[in-house]
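This briefing walks through a few selected sites, the packing of some helices and the cysteines. Please keep the sequence and the model at hand while reading.

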Amino acid sequence: KEVWHLADALKEGVPDIPLIMGGPHATVYPEHIFRRPHAQAVVLGEGEETLCEYLRALETHQDVRNVAGLALRDAEKGVFLTPARKIAGEIDSIPLPYYEGFKGFDLRDYAGLPTLPGPTAVMITSRGCVYDCTFCASVRFWGRKWRSRTPKSVLAEIEHHIEKHGAKSLYFFDDNFPVNRQRAMDICQGMIDRKWNLTWACCSHVKMVNKPLLEVMKASGCVMIDFGVESGSNRILKVINKQQTREDIMKAFRLAREAGIFPRAYLMVGNPGEDESTIDETISLIKEINPQSSIGANILWLLPGTDVYNQAVS
């Protein structure tokens, strides 16, 4: 709804400016975007190279149908798809976000997380996930290959946020920040060596953490980890291909607390096979692990392109 309101306002305010959309929903269902008259193109998946090439084609009056990775409005078919674009292999080559391009940009305008001191900078240091949970759309957008930025690139962006924007805390919005433990430890050690005195948090699968990693994370300023717990039932965890058990969850929460890091829990109910007994197992697990807080405890969302969505359709 917010996107359509914004599109209406743009059409009224700057009617001659081309409107281009993107993101997970637009990538899976570009035809939905063209049901409204505003957008003339959808960038499918990763947008950096596609958007630049598309804008150059517009500027030089070239045929935009030769630009890979686009969905274009088509008068007859509704949607015209250009050739697929290969996902970017080396994401270190992508420049740092150009916040200075926004007039009056100030990190203090971002609410951040209540548990982190402001201003808070949000960063994404990797793309994709090594897991493929039935309810998650991450691999549908980013692809099945996990790709990461080097510690040097990550530390350079952190330094930029501190020096240019006065950041006091960070939130790493990677699906799984410590997939490569050595990379995560190198980033943490770099923060320690630079004596930045930052507070930060991240997301992680419960099987990604161990004692040495958690200790260096804590030493570098990590105060909180958001774990994808989802369910306390081993049967449901297996159904959703979470590749973790109740015991794995309990171990991760114990190790995090021993390191002095607050663990939080993503939770959900309503997956295939869920019943009162499995929900009771989740409740008993919550009592056992006593998370710092829970993120959501939502009913299952059927996200387009996911296995559980396709199962529901069939």
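A residue is called buried here when its relative accessible area is under 20%, and exposed when that area is over 50%. The model is predicted, and the points below start with two buried residues, then move to helix packing, the cysteines and an exposed loop position.

**His-205**

- His-205 lies in the loop between β9 and α8, the latter spanning residues 211–219.
- With a relative accessible area of 4%, His-205 falls under the 20% limit and is therefore buried.
- The side chain of His-205 reaches the backbone oxygen of Lys-242 at 2.9 Å, and Lys-242 also appears among the contacts of His-205 once neighbours within four places in sequence are left aside.
- The other residues in contact with His-205 on that basis are Tyr-131, Asn-176, Phe-227, Gln-243 and Gln-244.

**Ser-126**

- Ser-126 belongs to strand β6, which covers residues 126–127, and its relative accessible area of 4% makes Ser-126 buried.
- The side chain of Ser-126 takes part in a polar contact of 2.6 Å with the side chain of Asp-174, and in another, at 3.3 Å, with the side chain of Trp-146.
- Not counting residues up to four places away in sequence, Ser-126 touches both of these partners, Trp-146 and Asp-174, together with Ile-91, Arg-147, Ser-148, Asn-176 and Arg-183.
- Asn-176 is thus listed as a contact of Ser-126 and also as a contact of His-205.

**Packing of α7 against α6 and α8**

- The axes of α6 (residues 151–165) and α7 come within 9 Å and cross at roughly 40°, which makes α6 oblique to α7.
- The crossing in which α6 passes α7 is right-handed.
- On the α6 side, Pro-151, Val-154, Leu-155 and Ile-158 meet Arg-183, Asp-186, Ile-187, Gly-190 and Met-191 of α7; of these, Arg-183 is also touched by Ser-126.
- For α7 and α8, the axes are 8 Å apart and the packing angle is about 25°, so the two helices, α7 and α8, are roughly parallel to each other, and their crossing is left-handed.
- The contact between α7 and α8 is made by Arg-181, Ala-184, Met-185, Cys-188, Gln-189 and Ile-192 from α7, and by Pro-212, Leu-213, Val-216, Met-217 and Ala-219 from α8.

**Cysteines**

- How many disulfides does a search of the whole structure find? The search returns zero, where a disulfide would need a pair of cysteine sulfur atoms within 2.5 Å.
- Cys-188, one of the α7 residues that make the contact with α8, is buried with a relative accessible area of 0%, and the closest cysteine sulfur to its own, that of Cys-222, is 7.4 Å away and therefore too far for a bond.
- Cys-203 is likewise buried, with a relative accessible area of 7%, and because its sulfur is 6.8 Å from the closest cysteine sulfur, in Cys-202, that pair is too far apart for a bond.

**Asn-197**

- Asn-197 sits in the loop between α7 (181–193) and β9 (199–204).
- Is Asn-197 buried or exposed? Its relative accessibility is 74%, so Asn-197 counts as exposed.
- Measuring C-alpha to C-alpha, Asn-197 and Ala-39 are 44 Å apart in space, and they are 158 residues apart in sequence.

Terms used
Residues are numbered from 1 along each chain as its sequence is written. This is a predicted model: local features need pLDDT of at least 70, side-chain atom pairs count only at pLDDT 80 or more; totals for chains, interfaces and linings use all residues. Side-chain values use heavy atoms; hydrogens and water are left out. Helices (H or I, at least four residues) and strands (E, at least two) are DSSP runs, numbered from the N terminus. Buried means under 20% relative accessible area, exposed over 50%, partly exposed in between (1.4 Å probe, protein chains only). A polar contact is a pair of N or O atoms within 3.5 Å; within protein, one must be able to donate a hydrogen and the other to accept it, and residues adjacent in sequence count only if both atoms are side-chain atoms. Contact means heavy atoms within 4.5 Å. Axes are lines fitted to C-alpha atoms, for helices over the stretch in contact, and angles run from 0 to 180 degrees between N-to-C directions. Angles under 35 degrees count as roughly parallel, over 145 as roughly antiparallel, 65 to 115 as roughly perpendicular and the rest as oblique. A crossing is left-handed if the near helix is turned anticlockwise from the far one by less than a right angle, and right-handed if clockwise.
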